[in-house]
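Reader: I'm new to this one and would like to go through it with you slowly. Could you put it up so that we can both look?

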Amino acid sequence: MGRRPKNLIQRRVRRPKLKKIIQAPKGMPDILPEEDFYRRKIFKVVENFADYYGFGRIETPILEDSQIFLHGTGPTSEIVQKQMFNLRTRGGDRLSLRPEFTPNTIRAYLENGLFNLPKPVKLFSIGPLFRYEQPQRGRYRQFWQYNFEAIGDEDPIYDALIIQIFYNSFVDLKIKDLLIEINTIGCDNCRPIWRKHLKSYFRSKLKKLCPDCQRRYKLNVLRILDCKNENCQILKEGAPKMLDYLCRECHNHFKTLLEYLEELGLPYAVNHSLVRGLDYYTKTVFEIRETTDNLALCGGGRYDYLVEILGGKHTPAVGAAAGVERLAEILKNKQAKPESVFKPKVFLVLIGEIAKKKGLKILEIFRKANIWVAESFGKDSIRAQLRQADRTGTPFALILGQKEAMDDTIILRDMKSGVQETIILEKIVEELKKRLKNVIV
Ligand code: HAM
């Protein structure tokens, strides 16, 4: 290379620089490698369940037409009332960051003609969702869920299957103290009668309810049952129960589902106040809680009218979703520190420019042979590199110096004995495989 002109060496480029480091948006934490370790464990378990029970993965866009949620999640839901991230494109389309997976999965089911497949169509998703909430422990504005839906069958065995999948996925993650809270909120035949009784029950108490519940009274009286306000909790104690107004079909559905849970030996409690915050549910609603922290790990239920609401034919369906952050936090608090997934068997030492140039190629040769190699490319001295090899704890090091790089050989060093021998580069993979068989790493 020729000499560089002086003015090119000296000049310093002035770049505009921010005065302080910009932070991630509120309630949208970064996921660092340490957290990723626990999340990967969760994803592995979920994928096993999905494969075993025949749920195919569906990935829908992060942005959807806002109408999907306005009509799907429902106009009286907290999500639509308060929690949507909405935007308008330059072309004028109104889009929303998806706050959940259910209505968008149904949109995709209808749009892609999945209703032509044998029923139930079993779909699952994993990915980020967005809700404008006040961030706190286990509650974020960007969070992940794994979500399972069984679309096209009304048999309560599918409600039980979904509950079993979520419950056992938590068991596989070694989460203890689990309780299934379950309820039925009836169907279009019987729910209006319950709603009428609820309205007349709360009418005389209206002034004593919290401002949110006064709004709920008008919008959707069922939601008062879900209120966490202490006073509202006392006021709802004598409220009429759905169980007393169920039509024959809903009654039989709930009874059979509870029999399935008994047969499975799953711990459940009927919670007459559980109504869930999404508008589409019919019959079954449930949540699985970790009882020590009283944290809802997952929630779900049956939604027999949603496909119709979104423009399809009458299609009963059931599903649920679990929050990945909540699970990851439990795993992090209960389990040992994450081990690195990177477990190298050999350390590559490179000395001199020619050797360095061959280094990346050698790494790829070993990757293809499935032998994991560690390196410290940035360090020049052989001592520093061998010290690093010692710290990494690999049984062998490979040393490529100037001479070896020119001869197409490499030095194999036994890190325990310090014995070194020169091997032809072409033979090194084979040779290492042989030797690694005799060492326990
Ligand atoms: P969901 O109850 O709104 O249901 O959410 C399910 C789970 O997601 C919750 O139990 C919780 O673990 C987690 N989660 C919800 N919001 C947050 C948040 N802001 N931060 C962290 N985790 C959160 C649904 O989303 C329904 N789509 C479930 C379903 C599927 N129903 C039928 N099919």
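Reader: What does the side chain of T102 sit 2.9 Å from?
Author: In this predicted model, an N or O atom in the side chain of T102 is 2.9 Å from a nitrogen atom of the ligand, which fits the cut-off for a polar contact, a pair of N or O atoms within 3.5 Å.

Reader: And which backbone atoms lie by an oxygen atom of the ligand?
Author: A backbone N or O atom of L297 lies 3.1 Å from a ligand oxygen, and a backbone N or O atom of G323 lies 3.2 Å from an oxygen atom of the ligand.

Reader: How much of the ligand's accessible area does the protein cover?
Author: The protein covers 95% of the 660 Å² that the ligand has on its own, with areas taken from the Shrake-Rupley method and a 1.4 Å probe.

Reader: OK, which elements give two or more residues to that shell?
Author: They are β6 (142–151), β10 (295–302) and β11 (317–323), and β10 gives the most, with six residues; strands here are DSSP runs of E with at least two residues, and helices are runs of H or I with at least four, numbered from the N terminus.

Reader: Which residues come nearest to the ligand?
Author: Of the 27 residues around the ligand, E100, E133, Y140, R276 and Y281 come nearest, where being near requires a heavy atom within 4 Å. By class, this shell has eleven nonpolar, nine polar and seven charged residues.

Reader: R276 again, then: which side chain does it meet in a salt bridge?
Author: R276 pairs with E287 at 3.1 Å, N to O, a salt bridge being a Lys or Arg side-chain nitrogen within 4 Å of a carboxyl oxygen of Asp or Glu. E287 belongs to strand β9 (residues 282–290), while R276 is in the loop between β8 (268–270) and β9, eleven residues apart.

Reader: How many salt bridges does the structure hold?
Author: The structure holds 31 of them.

Reader: Changing topic, what lines the largest cavity?
Author: The lining is made of T76, E78, R215, R216, L219, N220 and R223, and its largest share, three residues, comes from helix α8 (residues 211–219). By class, the lining has one nonpolar, two polar and four charged residues.

Reader: Anything I should know about the numbering and the cut-offs?
Author: Residues are numbered from 1 along each chain as its sequence is written. Local features need pLDDT of at least 70 and side-chain atom pairs count only at pLDDT 80 or more, whereas totals for chains, interfaces and linings use all residues, and side-chain values use heavy atoms, leaving out hydrogens and water.

Definitions and conventions: 1 Å grid on protein atoms, 1.4 Å probe; cavity = no way out; pocket = protein on both sides within 12 Å on 5 of 7 lines; lining within 4 Å. Nonpolar A, V, L, I, M, F, W, Y, C, P; charged D, E, K, R; others polar. Polar contact = N/O pair within 3.5 Å; in protein donor to acceptor, adjacent residues only side chain to side chain.
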